[in-house]
Amino acid sequence: MSAIGTGGIADSRVQDICRAIGWIGLGLVAVTVSLSDLLAAAPADATGIGPLLSPPSTAFQLGTDILGRDMLSETLHGLTATVRTALPASIIALSFGALAGFSAARMPAPLAFGLRWLADIFAALPTLLLAVLIVGLTARSWLGVAAGLAATPYGFVHAFDRARRDAYAAHAEYARATGLSRTALLRRDLVYEFRAVLSASAARALASVTIILSTLSFFGFGAEPPQRDLGLMIAASRPYFLHAWWTAAYPALALMTFILFARLAAGLEESEPP
Amino acid sequence: MLRFIAYEGGRLVLGLVGAAFLAAAVASAGHLRDGVFPFFVAWGERIGAFAALRFGDCAISGSPILTELSNRLPVTGELVVQGAVAALLIGVPVGFAFAFDGARRVAALLVRLFSAVPTFCLALALSYLATNQLHWHAQHDAEGWLYAPRFLLQPGGALLPVLTIGLAGAAAIQAALRRVAENIAEAPWRNQMRRMGLSRWEIEWNLCLPLFLGALLAHLGELAVALLSATAVAEWVFSLPGAADLFVKSIALQDWSAAGAVLFVFAGLTLAAAFAGRCTAQPLTSPFSLS
């Protein structure tokens, strides 16, 4: 604890390298997803491709599952399904969370604090249960919307508090005292928000909604065959993964790699919750 | 201080009222298919029923929801408490160790690696390791989990869900500690205190430690949400008959009354934890306005 001290240039360099690794990784995932039909040896959910529960071998690099599906092809298709749902979900989380929170903080006080109170109530609920509730109230086809909306309250609360701090910080008071209008200040803060925080917030939202989506599917509230995502693949492997580890390990590895790239792209600063 | 507690108390009451309204809306969700007006009528009736502590009957067991909750909440409570202890035992040392300047960068990377593991993957990985490496029994009779002494008799059994929750909670704890570490790293008062003659140890012990403790307490609400989320996953993976399990099954069966009641309990627990945390953190953090 005693050596808590300077971060400086080295810290920011490490940050930049990690961000670059994260965005390059996300780019690679995007390429893999767009080429998944070419890269996969078998179509999605094609059974009887190989022997049942065959361990990884030269013929089936990631093995096969209980129905003889090629795990490599299934993992590629699963990753595609996960990423395709996660992208719109993260846009929803970002729009209704971070950006809405930022805007709400500049509204007239009664409205701003009314919205903050509402967000506080939703933020008091476990995100996963909120997502399960939204899927239950709508339909499984609303999976992405459910995950995005469930991640919203937390982002809203943090963006709101940050924006209130900025709006009433000493520099803002000085700026107002020198005659700078509230609109000019808002414009400046918005530019800062977009330039400095938006990419990190987007990457963070992507990681969060991916975890929610995969957990929803694992619980049985998400994707349905033949469009199996990684969460559903892991859930399907539960009865036999203790003696056929590859049926759960590879989808889990693909899922964690995607989330890790998103987390790295969000940066390493501790000022925001992970 | 009293003014602060009164303010936070007001926030708690408003939060609980909002949570009750939300729970009543969820409990009335079945009326949405009849139209908006019948839904609002049912919502109003539900709010009245909730005020009289009438939650209705549970679709899973047929018993009153309050009875069902009283059977299931101890399981969830036990898991949350044991998980919180595990989270503190793991998260506090890790958070302090990674608060050192030299370790912070490495820690940030390691934390990103660890936080990329969804809780259900962690639970399955622990099950695999316990079964194949330690030869524990990962699958259990559901009724067995209800008895606390069995946790002591069969540590291999209850340890997995508790460890799953503890590791998820530890991630939240160490993150809170490291956030404070970053905040106070460049604080100008550190140098000012040195110039006033205080030794580094005195600064850390008398000024920084209360800030760390205050940060932990100030984030008690977030920690409660993290623990409840992890408990929901642990109950599902390890087939434990807790309140989160009741919620998920109620949603699957469209038993909105039970789902609403569980939501209210969870929101109430989180809001109460946030209130208690903020109130106890205030005397520790107020001199520096760092919460």
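Here is a friendly conversation about a predicted model with chains A and B.

Biologist: Let's start with chain B. How many helices and how many strands does chain B have?

Modeller: Read along its sequence, chain B follows the pattern α-α-α-α-α-α-α-α-α-α-α-α. Each α in that pattern stands for a helix. The count for chain B is therefore twelve helices and zero strands.

Biologist: What share of the residues of chain B count as buried?

Modeller: A residue is buried if 20 or more other C-beta atoms lie within 10 Å of its own. Chain B has 291 residues to test in this way. The share that count as buried is 46%.

Biologist: Now to where the chains meet. Which element gives the most to the side of chain A that touches chain B?

Modeller: The contact takes 44 residues from chain A and 55 residues from chain B. On the chain A side, the elements that give two or more residues are α1, α4, α5, α8 and α10 of chain A. With eight residues, the one that gives the most is α10(A).

Biologist: How do the residues of that side of chain A divide into nonpolar, polar and charged?

Modeller: We are still looking at the side of chain A that touches chain B. Its residues divide into 32 nonpolar, eight polar and four charged.

Biologist: One last helix, α3(A). How far apart are its end C-alpha atoms, and why does that agree with its 35 residues?

Modeller: Helix α3 of chain A covers residues 71-105, and at 1.5 Å a residue it should span 51 Å. There is a bend of about 30° in α3(A) at Leu94(A). The expected span agrees with the distance between the end C-alpha atoms, which is 48 Å.

Methods. Residues are numbered from 1 along each chain as its sequence is written. Chains are lettered from A and ligands numbered from 1 in the order in which they are written. This is a predicted model: local features need pLDDT of at least 70, side-chain atom pairs count only at pLDDT 80 or more; totals for chains, interfaces and linings use all residues. Helices (H or I, at least four residues) and strands (E, at least two) are DSSP runs, numbered from the N terminus. A residue is buried if 20 or more other C-beta atoms lie within 10 Å of its own, exposed if 12 or fewer, and partly exposed in between; C-beta atoms are placed from the backbone. Two residues are in contact if their C-beta atoms, placed from the backbone, lie within 7 Å. Ala, Val, Leu, Ile, Met, Phe, Trp, Tyr, Cys and Pro count as nonpolar, Asp, Glu, Lys and Arg as charged, and the others, Gly among them, as polar. The expected span of a helix is 1.5 Å times one less than its number of residues. The bend at a residue is the angle between axes fitted to the seven residues ending there and the seven starting there.
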